[in-house]
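Grab a viewer and work through these exercises with the model open beside you. Try each task before you read its solution.

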Amino acid sequence: MAPRLMVHGQDTSLGTSPSAEADLNRALELLAEVKSGATPPMLRLYRPLPTVAFGQRDANLPGFEAACAAAEAHGFAPVVRRAGGRAAAYHRGCLVVDHIQRQPDAIVDAKARFGFFADLFTTALRSLGVDARVGEIPGEYCPGEYSVHGIGAGLSLKLVGTAQRVVSGAWLFSTVIVVADSAPIRSVLVDCYRALGLDWDPATAGAVDDLVPGLGVDTVEAAVLEAYRPFTELVHTRPFESQLGRT
């Protein structure tokens, strides 16, 4: 971990980004900037537009166009991310955390990074009273060994999904935490996965506030930043959209 990270939050009063695709592309632009040294290592935190992020394998399936149409019918923008995994959905009730770090041997610790961040986000959620645990649950969407799920009231819900992009000299670790309003996510994934011909259990799609009612994105964001503090110095800067000149 870096000794210091710049923290760029989102000023929602300035509006949202132009599109879901622009948000993904901006993360890759920042990865290039951090790699070159033009921009310091950073945390970028924001509430995303309604998005279904398909994996590369999804885009090669016969039902991909129908899945994109299904996403749009639910008001979610379909995009293809440059990372592994299957389709994942998120919206303004979610928190995206992009950690972008310069590192000469970035590929060496790629797998260990998944474990580190799974533990970090589990710690953050547990601090809020969520019974959060690391590991894939049967039938979850976009399954992963280092997913973070929550337990409660007879439910096992996937709450956190992660993806990583590694280039020579730097890495981007992107995390989506589903905080609130899980019903639209569950609904759009049902139709998208049906179109793709992929099996999953819709009962695994949930949000933090399904387990601990009343928790919001701002509270979860504060818990995430607190979980970072033992590992790095956080330096807060002006809101991210303001810095980029977004409107």
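**Exercise 1. A pair of helices**

Find the angle and axis distance for helices α3 and α5, then work out how the two are oriented and what sits between them.

*Solution.* Start with the geometry: α3 packs against helix α5 (residues 182–196) at an angle of about 165°, and their axes are 7 Å apart. Angles over 145 degrees count as roughly antiparallel, so α3 is roughly antiparallel to α5. Next, the handedness: α3 and α5 make a right-handed crossing. Keep in mind that this is a predicted model.

Now pick out the touching residues. On the α3 side you should find F64, A66, A67, A70 and A71, and across from them V188, D191, C192, A195 and L196 in α5. Sort them by class and the contact of α3 with α5 comes out as 9 nonpolar, no polar and 1 charged.

**Exercise 2. Another pair, another angle**

Do the same for α4 and α7: at what angle do their axes cross, and how close do they come?

*Solution.* Take helix α4 (residues 110–126) and helix α7 (residues 217–228): the axes come within 8 Å and cross at roughly 125°. Perpendicular pairs stop at 115 degrees and antiparallel ones have to be over 145, so α4 and α7 are oblique to each other. As for the hand, α4 passes α7 in a right-handed crossing.

Then list who meets whom. α4 brings F117, L120, F121, A124 and L125, while α7 answers with V220, A223, V224, A227 and Y228. In this contact of α4 with α7, the count is 10 nonpolar, no polar and no charged residues.

**Exercise 3. Into the core**

Which residues of the largest nonpolar core touch the most other members? Once you have them, trace which elements build that core.

*Solution.* The largest nonpolar core has 37 residues, and L43, L125, V130, I177 and V224 touch the most other members. Elements that each supply at least two residues are β1 (4–8), β2 (42–46), β6 (94–102), α4, β9 (155–167), β10 (170–178), α6 (208–211) and α7. The biggest giver is α7, with 7 residues.

Zoom in on I177 as a last step. Setting aside residues up to four places away in sequence, I177 touches C94, L95, F121, L159, V160, V208, V220 and V224. Apart from the largest core lies another one, of 32 residues, including A53, F64, A88 and C192.

**Exercise 4. Two charged residues**

Is R113 buried or exposed? And is E72 buried or exposed?

*Solution.* First locate R113: it lies in helix α4. Its relative accessible area is 5%, and the cut-off for buried is under 20%, so R113 is buried. For its surroundings, skip residues up to four places away in sequence and you get contacts with Q103, A106, Q164, V166, W171 and F173. R113 and F173 are 60 residues apart along the chain, yet their C-alpha atoms are separated by 8.3 Å.

E72 is in helix α3 (residues 64–73). With a relative accessible area of 54%, E72 is exposed. From E72 to V52 is 20 residues in sequence and 9.0 Å in space, C-alpha to C-alpha.

**Exercise 5. Positive phi in the loops**

What is the phi of C142, and what is the phi of A153? Place both residues and check their exposure.

*Solution.* C142 has a phi near 40°, a positive value in a residue other than glycine. You'll find C142 in the loop between β7 (131–134) and β8 (148–152). C142 is buried, at a relative accessible area of 13%.

A153 isn't a glycine either, and its phi is positive at about 55°. This one lies in the loop between β8 and β9. Its relative accessible area is 81%, so A153 is exposed.

**Exercise 6. One glycine**

Where is G85 found, and which residues does it contact beyond its sequence neighbours?

*Solution.* G85 is in the loop between β4 (77–80) and β5 (88–90). At 24% relative accessible area, G85 is partly exposed. Leave out neighbours within four places in sequence and the contacts of G85 are G55, R57, D58 and C142. For a long-range check, go from G85 to P230: they are 145 residues apart along the chain, with C-alpha atoms separated by 30 Å.

Conventions
Residues are numbered from 1 along each chain as its sequence is written. This is a predicted model: local features need pLDDT of at least 70, side-chain atom pairs count only at pLDDT 80 or more; totals for chains, interfaces and linings use all residues. Side-chain values use heavy atoms; hydrogens and water are left out. Axes are lines fitted to C-alpha atoms, for helices over the stretch in contact, and angles run from 0 to 180 degrees between N-to-C directions. Helices (H or I, at least four residues) and strands (E, at least two) are DSSP runs, numbered from the N terminus. Angles under 35 degrees count as roughly parallel, over 145 as roughly antiparallel, 65 to 115 as roughly perpendicular and the rest as oblique. A crossing is left-handed if the near helix is turned anticlockwise from the far one by less than a right angle, and right-handed if clockwise. Contact means heavy atoms within 4.5 Å. Ala, Val, Leu, Ile, Met, Phe, Trp, Tyr, Cys and Pro count as nonpolar, Asp, Glu, Lys and Arg as charged, and the others, Gly among them, as polar. A nonpolar core is a set of buried Ala, Val, Leu, Ile, Met, Phe, Trp, Tyr and Cys residues joined through side-chain atoms within 4.5 Å. Buried means under 20% relative accessible area, exposed over 50%, partly exposed in between (1.4 Å probe, protein chains only).
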